[in-house]
Amino acid sequence: MDAGLLVLRLPAGLLLAGHGVQKVSFHLGGKGLVGGTEEFRHDGFRGGPLTAVVAGGSQIGAGLFLAAGLLTPLAAMAAMGVMTVAGTVKWPKGLWVQNDGYEYPLVLVVISVALALTGPGRWSVDHALGLTPWPLWLVLATIVLGPASGLLTRVVLHRTPSASEGEHRARTAD
């Protein structure tokens, strides 16, 4: 079981961290902070570079902590939150990733829930520090608060396009 949790944690965590690196740098195919900021603006979010830095930093931190099995419930909560926001952006495009759908964010949310529920296993920093098992109340709270914080972030930071912006988008889409 511990080997299975390690095999789940490492790639999921490192891919999530890499996804965050792309938001704030030119590494791993990223377009730098300017590109990350523009991506969020295009998706209807306000906040400018700060939004990109917080989202990218959350993905990097949560991903690295999940990969290491460090503070697993809290790392899972952060991963669930940021990927819930991503899922809300992709929701109108449907499930499948080939249509830019929410498949990838959903998979990362599910993996994060599973890791919060099972714990990171013996081959983890949490285990080495004697932090496992985590109390059930904390695990359940993180599973609720992660997606809830993502939905709240969406409500607070997402702007409704004005009529002129909507008309401009319609014209430029043709």
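Reader: How much space lies in the largest pocket?
Author: About 790 Å³. The model is predicted.

Reader: What makes this a pocket and not a cavity?
Author: A cavity is a set of points where a 1.4 Å probe fits but cannot get out, whereas a pocket is an open set. This space of about 790 Å³ is counted as a pocket, so it belongs with the open sets.

Reader: Which residues are closest to the centre of the largest pocket?
Author: Lys23, Glu39, Phe40, Gln59 and Ala86, out of 38 that line it. A lining residue has an atom within 4 Å of a point.

Reader: Which helices supply the lining?
Author: H1 (2-24), H2 (32-42), H3 (48-68), H4, H5 and H7 (136-157) each supply at least two residues. H4 gives the largest share, nine residues.

Reader: How do the lining residues divide into nonpolar, polar and charged?
Author: There are 17 nonpolar, 14 polar and seven charged.

Reader: Why is H4 called roughly antiparallel to H5?
Author: H4 (residues 72-90) and H5 (residues 103-118) pack at an angle of about 160°, with axes 8 Å apart. Angles over 145 degrees count as roughly antiparallel. The angle of about 160° is therefore on that side of the cut-off, and H4 is roughly antiparallel to H5.

Reader: What is the handedness of the crossing of H4 and H5?
Author: Left-handed. Among the residues in contact are Ala76, Met80 and Met83 of H4, with Leu108, Val109 and Val113 of H5.

Reader: What kinds of residue make the contact of H4 with H5?
Author: Twelve are nonpolar, four polar and one charged. Lys90 of H4 is part of this contact, and Lys counts as charged.

Key: Residues numbered from 1 in each chain as written. Predicted model: local features only at pLDDT ≥ 70, side-chain atom pairs only at ≥ 80, totals over all residues. Heavy atoms only, no water. Axes fitted to C-alpha atoms, helices over the stretch in contact; angles between N-to-C directions. Helix = DSSP H or I, 4+ residues; strand = E, 2+ residues; numbered from the N terminus. Parallel < 35°, antiparallel > 145°, perpendicular 65-115°, else oblique. Left-handed = near helix turned anticlockwise from the far one by under 90°. Contact = heavy atoms within 4.5 Å. 1 Å grid on protein atoms, 1.4 Å probe; cavity = no way out; pocket = protein on both sides within 12 Å on 5 of 7 lines; lining within 4 Å. Points joined across faces, edges and corners; volume = space filled by probe spheres on them.
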